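Trainee: Could we go through this model together? I would like to begin with the contact between chains and then turn to the folds.

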Amino acid sequence: MLFAERHHKLGRDDSLTHDRAEDLLTSTVFQLLRYMPVSQFLALLRLARPVECKWNVADADRIDVECWTRLNASCCPDVLLRLFGGDKLLQMVLIEAKLFSGKSGSAVGEGPTKEDENNAAELLNPDQLVKYWQSITKTANELRVPRLMIYLTSHLTPPMKELSESRREVKDMTFAWLSWYDVWLVANADPSSLPAKDLAEILACRGFAHFHGFRTKQCQSITSSGRFFKIGSWFKHVKLVLPLKHHFWTQS
Amino acid sequence: MSDQTFGQSVSAAFEFLYEFCGDLKSLFETFKVQMDGAGWQEWYPLRIKPDSPSYLYFGMYAPQTALGKKTFTHAILLQLQISAGEFIEEPTLLAAVIDFQSATDLTDVWNKWNRKGGRRAMQFALKNGSPIALPETVLKNRFVPAGKRAVGITVPVCTLRDAADVQSRLTKPIISAANDLGFKME
């Protein structure tokens, strides 16, 4: 996967592999995060910007990562993290990751999606974040474990419109926004770790690196003559045949 | 000395330019994040497209506010000159903090902003090397006629090393200049 990304095998604009690109990036990133120290993983979760709520990430010593866990018939969030302290489950964190698309099934101004219709009996909110939040609530309550929700996107700054829509739907949802650039920040902070180095590189290949200097400091000088096309000889071989009379057209 | 042909040198030069503009784009993305953290939002983005480089870029920031608001008392204008000219020898950024002293439509400010006016402001600010008040004559001369007071900062962008350097040499001085000109977060 890393090498495919390095070589832009999915195309620079992912025009043909839109959905696949999002899933591949999510899978690669969270796979690599698993190999990194828990402290770095926690640092990333703590970088998330809470949306009008308190944001406390538990001091875990182990984080289990699951991708595309089915919570119910229509809910399959991208990532589910379980934070443990010893054997005790301390917290559950749901992550919905986006690359270029916005969240699906907006609660504002859109009807339910086909998926929602199929799941009408469960009466879940059409807003994707809210729907996932509601889906994890039952499990989290049974286990008496606090839960958090993260919306991970490629924006540089918080997508306020989308976040506000979800916030309006559920007032007590503990959710925050995180950027792929934040993942790069955390990965880039530890150049001694190989997984972190790979993660930083893969995100940089995708354009999610913050500025870290100009890569090439010298441009090769052009030493040959600057002219490769000469003008001037074009017309000398052209013979103009002019009419004999001075006036070659007459006004009627 | 390289034994590349002229054509190969030209291709290499273009590759260099694309890469440089890619890094430049990344620099201004980092700046955008830092400005966002300080309460300022991109009003007109500085559109750097690595595959189609330009010699000149413009951008504008306004205080973060409710969506749809068009008038502001303060703005930050960015003019990035890539090509060397009569008074600059390398890519140079002018950041000018403007105090309008009353709510002003930024679309109008954008439309009246002429690149030559911006160059004059850049030339004036370059003399100092640190944030400097721009005189009214510079402001009114096809730069920001609606501005009442302004502070200009110039930075040779190729000397910026990383995000921390952008923060200390660009973002912080601009925010500080805005505060000195009476800007207060709503």
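Mentor: What follows is a discussion of a predicted model, taken topic by topic.

Trainee: How many residues does each chain bring to the contact?

Mentor: Chain B contributes 29 residues and chain A contributes 23 residues. About 2200 Å² is buried between chain B and chain A, and carbon and sulfur atoms give 64% of that area.

Trainee: And which three residues of chain B supply more of its buried area than any other three?

Mentor: They are B:F6, B:F16 and B:D23, which supply 28% of the area that chain B buries against chain A.

Trainee: How many salt bridges are counted between the two chains?

Mentor: The count between chain B and chain A is one salt bridge. The partners are A:R215 and B:D23, whose closest N and O atoms are 2.8 Å apart. B:D23 is also one of the three residues named a moment ago for buried area.

Trainee: What about polar contacts across the interface?

Mentor: Nine residue pairs are in polar contact between chain B and chain A, with both residues of each pair at pLDDT 80 or more.

Trainee: Which elements of chain B give two or more residues to that side?

Mentor: Helix 1 (6-37) and helix 5 (163-180) of chain B do so. Helix 1 of chain B gives the most, with 18 residues. By class, the side of chain B that touches chain A holds 15 nonpolar, seven polar and seven charged residues.

Trainee: Could you pick one residue from helix 1 as an example? What does B:V33 touch?

Mentor: B:V33 is located in helix 1 of chain B. Leaving aside residues up to four places away in sequence, B:V33 touches A:L156, A:T157 and A:H210. Its C-alpha is 36 Å from that of B:S9, and the two residues are 24 residues apart in sequence.

Trainee: Changing topic: in what order do the strands of the chain B sheet run?

Mentor: The six strands of this open sheet in chain B follow the order 1-2-3-4-6-5, and the pairing is antiparallel. At the edges are strand 1 (40-44) and strand 5 (132-133) of chain B, each of which pairs on one side only.

Trainee: How many bridges join strand 4 and strand 6 there?

Mentor: Strand 4 (residues 92-105) and strand 6 (residues 149-156) of chain B pair over eight bridges, in the antiparallel sense. Within this chain, B:D99 has B:R149 of strand 6 as its bridge partner. Helix 5 of chain B packs on the sheet and touches strand 1, strand 3 (71-81), strand 4 and strand 6 of chain B. The direction of helix 5 makes about 175 degrees with that of strand 6 of chain B.

Trainee: And the chain A sheet: what is its order and pairing?

Mentor: Chain A has an open sheet of six strands in the order 1-6-5-4-3-2, with mixed pairing. Strand 1 and strand 2 of chain A each have a single partner strand, so one side of each is left without a neighbour in the sheet.

Trainee: Which way do strand 4 and strand 5 of chain A run, parallel or antiparallel?

Mentor: Strand 4 (residues 88-97) and strand 5 (residues 147-153) of chain A run parallel and are joined by six bridges. One bridge pairs A:A97 with A:L152 of strand 5.

Trainee: Which helices pack on it?

Mentor: Helix 5 (residues 128-143) of chain A lies across strand 3 (79-85), strand 4, strand 5 and strand 6 (175-179) of chain A, at about 170 degrees to strand 4. Helix 6 (residues 160-169) of chain A touches strand 5 and strand 6 of chain A.

Key
Residues are numbered from 1 along each chain as its sequence is written. Chains are lettered from A and ligands numbered from 1 in the order in which they are written. This is a predicted model: local features need pLDDT of at least 70, side-chain atom pairs count only at pLDDT 80 or more; totals for chains, interfaces and linings use all residues. Side-chain values use heavy atoms; hydrogens and water are left out. Contact means heavy atoms within 4.5 Å. Buried area is the accessible area (1.4 Å probe) that two parts lose on being put together, summed over both. A salt bridge is a side-chain nitrogen of Lys or Arg within 4 Å of a carboxyl oxygen of Asp or Glu. A polar contact is a pair of N or O atoms within 3.5 Å; within protein, one must be able to donate a hydrogen and the other to accept it, and residues adjacent in sequence count only if both atoms are side-chain atoms. Helices (H or I, at least four residues) and strands (E, at least two) are DSSP runs, numbered from the N terminus. Ala, Val, Leu, Ile, Met, Phe, Trp, Tyr, Cys and Pro count as nonpolar, Asp, Glu, Lys and Arg as charged, and the others, Gly among them, as polar. Two strands pair if DSSP finds at least two bridges between them. Axes are lines fitted to C-alpha atoms, for helices over the stretch in contact, and angles run from 0 to 180 degrees between N-to-C directions.
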